[in-house]
Amino acid sequence: MNQLKSGILILFIICSVLFTGSASQLFYNVVDYGAKGDGLTNNTKAINTAIEAAAKNGGGTVFFPAGEYLSFTIHLKSKITLHLDNGAVLIGDQEKNGVGYDLPEEDAWYKKFQDFGHSYWRNSLIYGDSLRDIAITGQGLIWGKGLYTYDKPDIKGSGNKAIALKNCFNVTIRDISILHGGHFCILATGVDNLTIDNVRADADRDAFDIDCCKNVRISNCNINSPTDDGLCLKSSFGLGYARATENVTITNCHVYGYEHGTLMDGTFKTEFKDEDPNAKHSITGRLKMGTESNGGFKNITVSNCIFEHSRGLAIETADGGIIEDIVIDNITMRDITDTPFFIRLNARMRGPEGTPVGVCRRITLSNIIVYDVGGRPKFPEVGAGMVMGIPGYYIEDLTLSNIHIVYRGGGPKEAIDKEVAQNIDMYPDPYRWHSMPAYGIYFRYVKGLQVNNVVLQTMNPDERPAFVLDDVHNASFSHIDAQKHENTPVFILKNVTGITTHQVIGVQDTEIKKAENQKL
């Protein structure tokens, strides 16, 4: 396939020469503009000059042949494709004596509503604002060698993103690899008609952050991000107003949390041992909607994805956004370090004063197989799926079907009586709770719940029930096979109404109109 693509590109150039007498109108080799792929020369001026020449002529492809090209901020322009040939490495250089990447934007009044990284785009290796019809393609590598993983506002000229795009339209990123992307390998904010396909990202923080974007397709990507989120949809206030992320498909992707760099070399090493109770590291590498959630998420489909040595799925609205019409289907997970899925509606409310609490409704998780969840020595009771609203605000119309989860288990009976914290205005993340009174799935503040064809098992004996329902209304459970310890119920029901069970192993078919505190 790579040979075919290279052949097509060469044929394209030959045809351009034959029919126009020159390839320069369509094809701009950075070497012709003074770039040197020696791994020593800083090529910022040469690369940007090539882009400017292409843009002046109405657009075209700026080509990087094999070589190592050091650079600071590259300014993309409309109708430009950056193409990195096989063997081409675009390297983010290290700033020195204040000379380096573009300075971040001046502070806006709304910067307090999102994390630092979501308020700035210019201090990046590749940057574009208010552009259309752009692409970054090729079999080459973007290596953010000189980028900082964390924000360094005190270091003039520092950069912390591999690719940062804002308010762009018709964007394609395809086939490239990204190693060490800084804070973000790709930060896309307000980018519509975005396609990311067949991209490999080996990140030491977030890999892809898709923020306030519409009409997005992400497919066939391999993502490794051990210390932060792998593929993260957000809807921050970074544009100065609340804008939903909507109409998104994510398919055929692999998400990992292995040691940084070991996706690229194929070794998939675990730098931090979960078995070490003194370890201060928590593997992340998950797919998440949130935590930045001012604008909400609508019409999102995730399908045919694999998660390994990671933290699975998280769906969160904390800042007033509406989450609705979400489908997660055909997922396999293995070696999940805390919870396979975390669905959370709370009220951190980091946004303009007067913003109402968000909404979370019409979510379906189906055809999911998970093996080896939780049970690490550091937090031995962690592992249950978590679905939680807050008092007065319910997660609505949730369906879980065709799910098989195998937990490590090992939780004691005493955990059943644990008081589960509300954490209403806190950053929503499973580590805030550490453990649950159920080994399987814990539901609180949910209305309209359907759980069908679910199998739950534990590798080690666990004295907690499979399900705990607290302030849950209008729920049905059918065709459930949940492993249980002797004398332990399958369900604990607290302040629930309208609960039905059908063909739940160990429980008679029943219809409960109201239960204050009941075991089944």
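A residue counts as buried when its relative accessible area is under 20%, and by that cut-off 58% of the 520 residues of the protein chain are buried in this predicted model.

**Figure 1. Overall view of the predicted protein chain.** The chain is made up of two helices and 34 strands, and its C-alpha trace spans about 80 × 50 × 45 Å along the principal axes. The radius of gyration is 25 Å, which agrees with the value near 24 Å that a compact globule of 520 residues would have. Among the contacts in the chain with a separation of 6 or more, 71% join residues that stand 24 or more positions apart.

**Figure 2. Confidence along the chain, with two stretches of low pLDDT.** The mean pLDDT of the protein chain is 92, and 92% of its residues reach 70 or more. Over residues 13–24, however, the pLDDT is below 50, and this stretch has eight contacts in the model beyond near neighbours in sequence. In residues 277–281 the pLDDT likewise stays under 50, and here the model has eight contacts beyond four places in sequence. Where pLDDT is low, the predicted coordinates should not be read in detail.

**Figure 3. The largest cavity and its lining.** By the rule applied here, the model holds two cavities of 30 Å³ or more, and the view is centred on the largest, which encloses about 50 Å³ of space. Its lining is formed by 12 residues, of which Val382, Gly383, Met386, His434 and Ser435 are the closest to the centre of the cavity. Sorted by character, the lining of this largest cavity consists of six nonpolar, four polar and two charged residues.

**Figure 4. The second largest cavity and its lining.** The volume of the second largest cavity is about 40 Å³. It is lined by 11 residues, and the closest to its centre are Val382, Tyr407, Gly409, Tyr439 and Arg464. Val382 is thus named among the residues closest to the centre both for the largest cavity and for the second largest cavity. The lining of the second largest cavity divides into six nonpolar residues, three polar residues and two charged residues.

**Figure 5. Ser401 within strand β30.** Ser401 belongs to strand β30, which covers residues 395–409. Its relative accessibility is 14%, and Ser401 therefore counts as buried. When neighbours within four places in sequence are left aside, the contacts of Ser401 are with Leu365, Ser366, Asn367, Asn452 and Asn453.

**Figure 6. Ala242 and Gly295, two loop residues in contact.** Ala242 lies in the loop between β20 (231–235) and β21 (245–251), while Gly295 is found in the loop between β23 and β24 (297–310). Ala242 counts as partly exposed because its relative accessibility is 44%, whereas Gly295 is buried, with a relative accessible area of 14%. Neighbours within four places in sequence aside, Ala242 is in contact with Phe237, Asn294 and Gly295. Gly295, on the same footing, touches Ser235, Ala242, Arg243, Ala244, Gly321 and Ile322. Two C-alpha separations may be followed in this view: Ala242 and Ser293, which are 51 residues apart along the chain, are separated by 8.7 Å, and Gly295 and Gly320, which are 25 residues apart along the chain, are separated by 7.4 Å.

**Figure 7. The cis peptide bond at Thr291.** The peptide bond that runs from Gly290 to Thr291 is cis, and its omega is near 5 degrees. Thr291 is part of strand β23, which extends over residues 287–293.

**Figure 8. Lys79 and Asn474, residues with a positive phi.** Although Lys79 is not a glycine, its phi is positive, at about 60 degrees. Lys79 is placed in the loop between β5 (74–75) and β6 (80–84), and with a relative accessible area of 48% it is partly exposed. Asn474, also a residue other than glycine, has a positive phi near 60 degrees. The position of Asn474 is in strand β32, which comprises residues 467–482, and Asn474 is exposed, with a relative accessible area of 56%.

Note on methods:
Residues numbered from 1 in each chain as written. Predicted model: local features only at pLDDT ≥ 70, side-chain atom pairs only at ≥ 80, totals over all residues. Heavy atoms only, no water. 1 Å grid on protein atoms, 1.4 Å probe; cavity = no way out; pocket = protein on both sides within 12 Å on 5 of 7 lines; lining within 4 Å. Points joined across faces, edges and corners; volume = space filled by probe spheres on them. Nonpolar A, V, L, I, M, F, W, Y, C, P; charged D, E, K, R; others polar. Helix = DSSP H or I, 4+ residues; strand = E, 2+ residues; numbered from the N terminus. Buried < 20%, exposed > 50% of the residue type's maximum accessible area, 1.4 Å probe, protein only. Contact = heavy atoms within 4.5 Å. pLDDT = per-residue confidence, 0-100. Rg over C-alpha atoms; globule rule 2.2 N^0.38 Å.
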